[in-house]
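The exercises below are meant to be worked through with the sequence and the model side by side. Each task is followed by a solution that goes step by step.

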Amino acid sequence: MEWQLFGLTFMTVFLAEIGDKSQLAAIALGSSSKSPRAVLFGSIAALILASFLGVLAGGSVAGFLPAKALKAIAALGFALLAVKLLWPGQEED
């Protein structure tokens with residue numbers, strides 16, 4: 001196993017997940033549940049499955065697109081999201 005890649009992936013996902021909607025949902029479910037252990041294991045299973053699907057999709061796409069193109073597409077996607085969030089007058093109904 002490539003431990004450096006493991007550590008980088010762990011830190012990236014960990015930092016990205018802090019304070020996001022899934023963590024807030026887990027907090028809400030955990031506080032209102034009589035079985036916080038079930039909430040914990042459900043959250044863990046959901047994150048593992050979502051990560052697994054992301055890795056599968058990334059591996060599949062990497063088979064026919066070069067890494068530079070994938071990075072450019074990801075950067076463009078994030079830039080479009082940022083513009084949408086920051087553009088004045090674009091409130092959703």
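Helices are DSSP runs of H or I with at least four residues, numbered from the N terminus. The model in these exercises is predicted.

**Exercise 1. Determine which helix gives the most to the lining of the second largest pocket, and describe that lining by class.**

Step 1. Begin with the pocket itself, whose volume is about 260 Å³, and list its lining: Gly-58, Ala-62, Leu-65, Pro-66, Ala-67, Leu-70, Lys-71, Ala-74 and Phe-78.

Step 2. Assign these residues to elements, and helix 3 and helix 4 (67–86) are each found to supply at least two of them. Helix 4 gives the most, with five residues.

Step 3. Sorted by class, the lining divides into seven nonpolar residues, one polar and one charged.

**Exercise 2. Characterise the largest pocket by its volume, its central residues and the elements that line it.**

Step 1. The volume comes to about 610 Å³, and among the 19 lining residues those closest to the centre are Val-13, Glu-17, Ser-43, Ile-44 and Leu-47.

Step 2. Two or more lining residues come from each of helix 1 (3–17), helix 2 (21–32) and helix 3 (36–62).

Step 3. The class count for this lining is 13 nonpolar, four polar and two charged residues.

**Exercise 3. Compare the end-to-end spans of helix 1 and helix 4 with the spans expected at 1.5 Å a residue.**

Step 1. Because helix 1 has 15 residues, it should span 21 Å at 1.5 Å a residue, and its end C-alpha atoms are indeed 21 Å apart, in agreement with that expectation. After helix 1 comes Gly-19, which has a positive phi near 80 degrees.

Step 2. For helix 4, with its 20 residues, the distance from the first C-alpha to the last is 28 Å, close to the expected 28 Å.

Step 3. Turning to burial in helix 4, where the cut-off is under 20% relative accessible area, the count of buried residues among its 20 residues is zero, so that helix 4 is hardly covered.

**Exercise 4. Relate the "transmembrane region" annotation in the UniProt record to the secondary structure of the model.**

Step 1. The unreviewed UniProt entry places this annotation on residues 38–57 and 69–87.

Step 2. Residues 38–57 are 100% helix and 0% strand in the model, with end C-alpha atoms 28 Å apart.

Step 3. Residues 69–87 are 95% helix and 0% strand, and here the end C-alpha atoms lie 26 Å apart.

Note on methods:
Residues numbered from 1 in each chain as written. Predicted model: local features only at pLDDT ≥ 70, side-chain atom pairs only at ≥ 80, totals over all residues. Heavy atoms only, no water. 1 Å grid on protein atoms, 1.4 Å probe; cavity = no way out; pocket = protein on both sides within 12 Å on 5 of 7 lines; lining within 4 Å. Points joined across faces, edges and corners; volume = space filled by probe spheres on them. Nonpolar A, V, L, I, M, F, W, Y, C, P; charged D, E, K, R; others polar. Expected span 1.5 Å × (residues − 1). Buried < 20%, exposed > 50% of the residue type's maximum accessible area, 1.4 Å probe, protein only. UniProt positions renumbered as here; feature names shortened; annotations may be inferred.
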